[in-house]
Structures are given as structure tokens and as C-alpha cells.
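The following exercises concern charged side-chain pairs and an annotated site. Each task is followed by a solution in steps.

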Amino acid sequence: MPIVTDVADMQALAKRRVPKMFYDYADTGSWTQSTYWDNEAAFQRQKLRQRVARNIDNRSVKTTMIGQDVAMPVALAPVGLTGMQHADGEILAAQAAEEFGVPFTLSTMSVCSIEDVAEHTKNPFWFQLYVMRDRGFSENLMKRAHTAGCSALVLTLDLQVLGQRHRDIKNGLSTPPKPKPHVLVDLAFKPRWCWNMLQTKRREFGNIVGHVSGVEDMTSLAEWTASQFDPTLDWSSVEWVKKHWDRKLILKGINDVEDARIAADLGADAIVVSNHGGRQLDGALASYDILRDIVDAVGDKVEVHVDGGIRSGQDVFKAVAMGAHSTYIGRAFIYGLGAMGKPGVRQVLEIIHKELDVTMGLCGETDIKKVGRHNLVL
């Protein structure tokens, strides 16, 4: 086992252990991938103010997200097909997040179902909703999440139509993987993944199979899924969701100041500045590059969260300093999960926590709630 010191080490290990089609699903963007790469580069461009001769004893990175106490300003973002990075991946990631003290967000397109995750965790988790053309199905998803005790709904707004992801098309992405020659060759070199997957019954979209009339096999499931993302989704759809959800509501996929103002006026509890990890509109602004303008535009009307390109505790610190209330990590925890399962997710969270704590201290701060733009070179 190699020594793991940062998220990049986890990424390298995951690349060795996860089948190519699923690793690429998590680790690539759409079209030229310019936004995918720029999400990370935007954080790297930001410099920090190093402060010295300040008492930095007794530091704390504890805070809250939509009123929930968290160990640090980080939540696990919703990632589709997490259960294909590692068997029972959503359950394992949710357990690791719960034990560490940060929120876990289950994707609509998860392998493990809402009920699976609820059965294997003790505390409420969050659920991410895609509004489908079949509004009855979407309404039922919200009911199921409510019954499972989910404390927040994360409504994703930036997937009305699927951005073209070249790598997924070339890899023939499917769940479970189809027994094509190049796939079988790849799986032959991933014995750990194959063994773990043989031990579980969860290999399909758990929130869909058995809950949609007419979806009886993988062919009908693929056809239904491809036709269901709703291009008519608009701001009135948010009002529709609010009528069916009486708990915390987070709107994800905000990448424009005007949209941020509209979202805040609709009464959301938080918005997530996001470009879907560079997997939708290639050429969109990096999340960090638009964060400042959005924070300034909405003021105290709504909590501003951010995702996209966050690979370290320093990135978390920069986001908070720029005005974000909190952050989400997607690929970072996926690397840990693919590399080591639940312990890998836990180790990624520990790495980010330590990096955040040390960075805060070297910038002369002791309380994450007091971090601000005075800590950045602007």
C-alpha cells in the first residue's frame, strides 16, 4: 500500500483499482474539458496572505450548513453511479461522512437506493433531486426521501439536457458493465473491484428500478433514463418542488449572478455555485471565478455554497475566504472510495480537515467563521 499524503495519491490509487469506464465517468468533463480543468486552476491561481507572530492555538474549523452542525465546511456532493466506484459505494460513503460529522448527499442516479442508505445510517442525510418529465416519479422520489428522514433536498437545475461527455460515449458506459471484449479485459485487471461487486446485489439504479412502470430490464431502463431529463424545467418548477417538500431546500447549479438573485428570492435555504464539475456546459466560468460576484449579489439572503475543483483543505479555505458559507467535494471523496472503500473516504476527509486547519493557522486565523477576504491576495 503506497503512502497517501493528499487527494492526488488517492486519485492515482483509484485509477488503478476502478474499471476505466467508471473512473472516467467520475474524472472527466464534457467536450474539450476546459471547464473541468479550469475549476481546479481557478483555486490554484488564488494566493493567500501568510501571517506570522499571531496566537493560533486552539483552532476550530467547525461551523454549520443550513443550520446543521458540521465538523468542517464540507459536504459530500451527489455523484451518480457512486456504487460503481466500489460495491455499495453510497452506503459506505454515507457512513464515513456520518462518522466524520459532515453531510452526505445521495444522487437520484445512485446505485444504492434511498432506502438502502437510510437502513445503513443513523443520522439524516441529504437527497439530490433531478426533476424528470415524469413528474409523478419525481414527486414519489421526494416522498421516499421524506419518509427516509432526509433533512434537505438538493435540487439540481443544470441538467435539463445532458452535456456530451466524449469519454463516456467511447467507453460505452453502462451499469452493470456490458460484457464487451475491451470491458472484460479491463475487468480482468481489477480483481479487487470484481470481488467486491460479486458480494453485493446492488448493481443498477436503485432509485429507479422497481419504482417506474415499464422499466423491467436494462434496455428499458436505459431508454427511460435517456428520455427523462426535463428541458421544460424552469423557476416555476422550483415552486412546484417547494409545494411537495417542507424541509430545507438547496438549489444547485447556479453559475450566473442573475440566476443567483432569482434563486435567493425564491426562498431557498442555500444555493450551490456549480457548473456540474465541468460535465455540462464546457466553456462555462469556473465556480471559484464567479463565486465572489454571486456572494456580493445575494448578500445575506441565502447561504452560498460552492463545488467544482475542490481537491484540498486549502481550496476549502479559499472558498470560505471568498465568501462561501461552505463547500462540497465530489471527485475527492470518489477517489478515496474507489481506492479503499469506506476507509478511503474517511482518509480523504481527514486529509482535507488537516490541510484546512494548518492553512487557517498559517494565515493567522483560529476560527473558520472569521475567515474572509482579508486572508486572500486580491
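**Exercise 1. A salt bridge between two helices**

The side chains of Asp289 and Arg45 form a salt bridge with an N to O distance of 2.8 Å; a salt bridge here is a side-chain nitrogen of Lys or Arg within 4 Å of a carboxyl oxygen of Asp or Glu. The model is predicted, so local features need pLDDT of at least 70 and side-chain atom pairs count only at pLDDT 80 or more, while totals for chains, interfaces and linings use all residues. Residues are numbered from 1 along each chain as its sequence is written, and side-chain values use heavy atoms, with hydrogens and water left out.

Task: State which parts the pair of Asp289 and Arg45 ties together.

Solution.
Step 1. Asp289 belongs to helix H13 (residues 287-298) and Arg45 to helix H3 (residues 34-45), so the salt bridge ties together parts that are 244 residues apart in sequence. Helices (H or I, at least four residues) and strands (E, at least two) are DSSP runs, numbered from the N terminus.
Step 2. Asp289 is partly exposed at 34% relative accessibility, and Arg45 is partly exposed at 46%. Buried means under 20% relative accessible area, exposed over 50%, and partly exposed in between (1.4 Å probe, protein chains only).

**Exercise 2. A pair between loop and helix**

Task: Determine whether Asp168 and Arg279 are buried or exposed.

Solution.
Step 1. Asp168 and Arg279 meet in a salt bridge, 3.1 Å from N to O.
Step 2. Asp168 lies in helix H7 (residues 166-171) and Arg279 in the loop between strand E9 (270-273) and H13, so parts 111 residues apart in sequence are tied together.
Step 3. Asp168 is buried at 10% relative accessibility, and Arg279 is buried at 7%.

**Exercise 3. The annotated site**

Task: Explain why the residues of the UniProt "binding site" feature count as gathered at one spot.

Solution.
Step 1. The unreviewed UniProt entry places this feature at Tyr25, Arg165, His276 and Arg279; positions follow the numbering used here, feature names are shortened, and annotations may be inferred rather than shown by experiment.
Step 2. These residues span 255 residues in sequence, yet no two of their C-alpha atoms are more than 12.7 Å apart, so they gather at one spot.
Step 3. Arg165 is buried, with 8% relative accessibility, and its contacts (heavy atoms within 4.5 Å), leaving aside neighbours within four places in sequence, include Tyr25, His276 and Arg279.
Step 4. His276 is buried, with a relative accessible area of 12%.
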